[in-house]
Amino acid sequence: MVFSIRKSLSVLALAAAVNASGAFVPGSSPAKSLVGAANMLNGVQQLRPADPATLGVNKVTAMALSTTGGAKAAAAEPEESGGLMETLQIGTYFALWYLFNIGYNIYNKQALNVLDYPWTVATIQMATGILYFVPMWLTGARKAPKLSGEDLKTLFPIALCHTGVHVGAVIALGAGAVSFAHIVKASEPVVTCLLNFLLLGEKLPALVYATLLPIIGGVAIASMKELSFTILALASAMLSNVSSAARGVLSKKTMSGKQIGENLDAQNLYAVLTAMSTVILIPLMLAMEGTSFFSAFSKVVEAGDFTTKSLAMLLGLGGATYYAYNEVAFLALGKVNPVTHAVGNTIKRVVIIVASVIAFKTPMSTGSIIGSSIAIAGTLMYSLAMNAAKAKKSD
């Protein structure tokens, strides 16, 4: 079964790469990789103009967690003409990004189907990333960040929101269909605009706000017609959306223009937040679910559906693919322009929904299909409208 799923995922990833590669505009730079980090972390394609003459490392790092990253610094750099090899490289990055993302959603759902302990599963997934970046720091493959107690204090509320993003998504994926969770996640731009207006006083063009209407309408239609609808799935997915938007707002308010440690590039920032979120999750996990996960694990093995090794591998693969798709996203999104990113992220969400429906044979009503299509199309229009508005403002 695991082999057949992996084979299916490979085919889906290659198909996704073929569809996405047509929109690629090769050209890379360190600054653009940080811009990609901003979009990867929040799943929305907003790009905030920033003056390259005044954009320091710390401000860029802050943008790695902001729902509005820094586009002008990347756009101001001359486009490098890339050949066939670079296009293939970008296609490979996108294929891996899609593959790991699809794999995570499937492995996560499979684990939650047999072990209904979302807090424990979320903690295991978050902690798995530590096994990746700590050895890299220790061996010198990646420069280890140097942070003071004051730096950690600054990052703590952001890490708290980062925790909410992940645990909300895991609970939503366990409480309902994977496809439904991603339909609700498509409404994140609505929450982002609301929080940015309430907390930062940010006002956007009317056209941008207009694109929120199909997102709201599409999610509403899909929710009403969703065959596997549950309040818990809806509330948890919205918790993830609110946490993601709040993470962006907090990062802009607390980190922009402030010196935060040493060697804290976008990838190390994500690693530090992963470690901090793991520490936050452990006591929450124990408070919510105790240690009953381990007895449930034994019962599943005793039932004969899994061996100890296969069940542990399923949990491990969930954690590994979770961190891997975020890591590869840095490489993929740092190589393309904002419009390509918007298209690529929209295709990714569609591919995940289709893959989950195929993998779990989840029925979708006609209303749910129509609603999800409207919401996802609205998300793409929002992304493109935001990019156009920021480009116009920076001119």
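The following is a short conversation about a predicted model.

Visitor: What kind of model is this, and what pLDDT do local features need?
Guide: Residues are numbered from 1 along each chain as its sequence is written, and side-chain values use heavy atoms, with hydrogens and water left out. The model is predicted; totals for chains, interfaces and linings use all residues, side-chain atom pairs count only at pLDDT 80 or more, and local features need pLDDT of at least 70.

Visitor: What pLDDT does the chain average?
Guide: pLDDT is the predictor's confidence in each residue, from 0 to 100. Of the residues, 75% score at least 70, and the chain average is 77.

Visitor: Which element of the chain has the lowest mean pLDDT, and which the highest?
Guide: Helices here are DSSP runs (H or I, at least four residues), numbered from the N terminus. The lowest mean, 34, belongs to helix H4 (residues 71–75), and the highest, 96, to helix H6 (residues 118–128).

Visitor: How many contacts does the model have for residues 1–40, beyond near neighbours in sequence?
Guide: A contact means heavy atoms within 4.5 Å. Where pLDDT is low, the predicted coordinates should not be read in detail. Over residues 1–40 the pLDDT is below 50, and the contacts of this stretch beyond near neighbours in sequence number 89.

Visitor: How many aromatic pairs does the whole structure have?
Guide: Rings of Phe, Tyr and Trp (its six-membered ring) pair if their centres lie within 6.5 Å; planes under 30 degrees apart count as stacked, over 60 as edge-to-face and the rest as tilted. A search of the whole structure by that rule gives 13.

Visitor: What sort of pair do phenylalanine 94 and tryptophan 97 form?
Guide: Both residues lie in helix H5 (residues 84–114), three residues apart, about one turn of the helix. Both are buried, where buried means under 20% relative accessible area, exposed over 50% and partly exposed in between (1.4 Å probe, protein chains only). Their ring centres are 5.4 Å apart with 80° between the planes, and the pair is edge-to-face.

Visitor: Why is the pair of tyrosine 270 and tyrosine 323 called tilted, and which helices hold the two residues?
Guide: The ring centres are 5.4 Å apart and the planes are at 45°, so the pair is tilted. Tyrosine 270 and tyrosine 323 are buried. The pair ties together parts 53 residues apart in sequence, because tyrosine 270 lies in helix H14 (residues 266–289) and tyrosine 323 in helix H16 (residues 308–333).

Visitor: Which residues form one aromatic cluster with Tyr270 and Tyr323?
Guide: The cluster includes Tyr270 and Tyr323. Its other members are Tyr132, Phe133 and Trp137.

Visitor: How many disulfides are there?
Guide: A disulfide is a pair of cysteine sulfur atoms within 2.5 Å. Cysteine 161 is buried at 12% relative accessible area, and cysteine 193 is buried at 5%. By the distance rule, the count of disulfides is zero.

Visitor: Is asparagine 241 buried or exposed?
Guide: Asparagine 241 lies in helix H13. Beyond four places in sequence, asparagine 241 touches Val184, Lys185, Ser187, Glu188 and Val191. Its relative accessibility is 0%, so asparagine 241 counts as buried.

Visitor: What is the phi of asparagine 263?
Guide: Most residues other than glycine have a negative phi. Asparagine 263 is found in the loop between helix H13 (231–255) and H14, and is partly exposed at 31% relative accessible area. Its phi is positive, near 60°.
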